[in-house]
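Reader: Hello! I would like a close look at one part of this chain, followed outward to whatever surrounds it. Could you take me through a single helix and then its wider setting?

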Amino acid sequence: MIDLLKPYKTISIIGMDKNVGKTTLLNHLIAGFAADGQSLALTSIGRDGEDTDLVTSTPKPRIYVPVGAIVATAEGLLPQCDITLEVQAVTAHATPLGRIVMVRALSAGYVQLAGPSIVAQMADIIQNMPTTDKVIIDGAISRKTFANPAIAQSAVLCTGATLSPNMDEVAAKTRHAVDILTLPKAHEATDNILMEGAVTEGKIKHLITSGTNLQGKVVVADDPTKILITAATYEKLHIKGATLAVKSPLNLVAVAINPFSPRGGHFPPQDFLSKMQAALPLPVFDILEANHV
């Protein structure tokens, strides 16, 4: 995965649910890029790096950064970081845990991340970060907007056994997410159906039942992160003869999987990897097993 992401400066990690391995992937990317001599900057759209999930009370991996890494996080979390740090900038962007500050790690160690929850603020922070080779944005559940093309040049989707105890269902849910996130750029056409803002279940169902002739029509969204419809509704739109496209495509590079669920039970890692490789049109990685295609 490190090789796949080398061409891109900004990388967003998207999670389909909690406990799908986002932090494990983040640590893998940090270690891999650092070993490759790449300088790093990190931030997050939610809180991450604590050793226990504040919602589920389940154990979490901590975030370990090398010397020289730039960390953009809430000032209230700085005492929770065990690095020696040097403040680079204090921003005007506020969170419940204080203003977002940018610090440089003068020693390696563990950090906690909490960044902005507004896309425009994230874009501003990335633009004004000290120059590094890579910027990694740690995502949060269902906050795919932070993977949009205005923020990140590339994205990785994390999924896993926590979505369902049924492996086929996990594969189907993930395939739908990938299908939406990899929608193509729309061609200019006078009969395109343009949808501003969120493309919701309600909007698409209304279009399907409105009596409009949808055969050969293209429904165009701003970008894939704005499309919030189920697989069933997506299929009904196709049955009506319409397709989806976007003004600004997202560059989804790979999918990372986690065969373990804190809710109990897990999938056999190799079976799950094979299932997901067969179901998805992108490279699939099990970071802990270090298997991929």
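Author: Happy to. A definition comes first: contact here means heavy atoms within 4.5 Å. Please also keep in mind that this is a predicted model.

Let us take helix H5, which spans residues 201-209 and has Glu201, Ile204, Leu207 and Ile208 as buried residues. These four cover an arc of only 135° around the axis, which puts them on the same side of H5. His206 and Thr209 are exposed, and they sit on the other side of H5. What lies over the buried residues? The cover of H5 includes four strands, S12 (193-194), S13 (199-200), S14 (218-221) and S15 (227-228), together with helix H6 (231-239). Just after H5 comes Gly211, with a positive phi of about 90°.

Two of those covering strands, S12 and S14, lead us to a sheet. It is an open sheet of three strands in the order S12-S14-S16, and the pairing is parallel. S12 and strand S16 (243-246) each have a single partner strand and stand at the edges, so one side of each is left without a neighbour in the sheet. Between S14 and S16 there are four bridges in the parallel sense, and Ala221 stands opposite Val246 in S16. In general, strands of a sheet pair through backbone hydrogen bonds, either parallel or antiparallel.

For the antiparallel case, turn to strands S6 (residues 85-95) and S7 (residues 98-105), which are joined by seven bridges. With two residues between them, S6 and S7 form a hairpin. Ala89 is placed opposite Met102 in S7.

Another helix makes a good companion to H5. The buried residues of H2 are Lys22, Thr23, Leu25, Leu26, Asn27, Leu29, Ile30, Gly32 and Phe33. Its geometry can be checked by simple arithmetic: at 1.5 Å a residue, the 14 residues of H2 should span 20 Å, and the end C-alpha atoms are 20 Å apart, which agrees. The loop before H2 runs from strand S1 (10-15) to helix H2 (22-35), and Asn19 has its place there. Asn19 is not a glycine, yet its phi is positive, at about 60°. Its relative accessible area is 22%, so Asn19 is partly exposed. After H2 comes Gly37, whose phi is also positive, near 80°.

At the start of that loop's neighbourhood, Gly15 belongs to strand S1. Gly15 counts as buried, at 0% relative accessibility. The C-alpha atoms of Gly15 and Cys158 are separated by 4.8 Å, although these residues are 143 residues apart along the chain. For a long separation in space, take Glu169 and Leu78: they are 91 residues apart along the chain, and 40 Å lies between their C-alpha atoms. Glu169 is found in helix H4 (residues 167-181) and is partly exposed, with a relative accessible area of 36%.

Back in H2, which includes Asn27, we can follow a chain of neighbours. Asn27 is buried, with a relative accessible area of 18%. Leaving aside its neighbours within four places in sequence, Asn27 is in contact with Pro61, Arg62, Ile63 and Tyr64. Two of these contacts, Arg62 and Tyr64, bring us to the aromatic rings.

The structure holds two aromatic pairs. In one of them, the rings of Tyr64 and Tyr110 have planes at 70° and centres 5.1 Å apart, so the pair is edge-to-face. Tyr64 lies in strand S4 (residues 63-65) and Tyr110 in strand S8 (residues 109-111), so the pair ties together parts that are 46 residues apart in sequence. Tyr64 is partly exposed, with a relative accessible area of 42%, and Tyr110 is partly exposed as well, at 31%. The other pair is formed by Phe267 and Phe272 and is tilted, with 4.9 Å centre to centre and 55° between the planes. Both Phe267 and Phe272 are buried.

One last detail belongs to Tyr110. Arg62 lies over the face of the Tyr110 ring, at 4.2 Å from the ring centre. Arg62 is thus a residue to look at twice, because Asn27 of H2 is also in contact with Arg62, where contact means heavy atoms within 4.5 Å.

Conventions. Residues are numbered from 1 along each chain as its sequence is written. This is a predicted model: local features need pLDDT of at least 70, side-chain atom pairs count only at pLDDT 80 or more; totals for chains, interfaces and linings use all residues. Side-chain values use heavy atoms; hydrogens and water are left out. Rings of Phe, Tyr and Trp (its six-membered ring) pair if their centres lie within 6.5 Å; planes under 30 degrees apart count as stacked, over 60 as edge-to-face and the rest as tilted. Buried means under 20% relative accessible area, exposed over 50%, partly exposed in between (1.4 Å probe, protein chains only). A charge sits over a ring if NZ of Lys or CZ of Arg is within 6 Å of the ring centre and within 35 degrees of the ring normal. Two strands pair if DSSP finds at least two bridges between them. The arc is that of the directions from the helix axis to the C-beta atoms. The expected span of a helix is 1.5 Å times one less than its number of residues.
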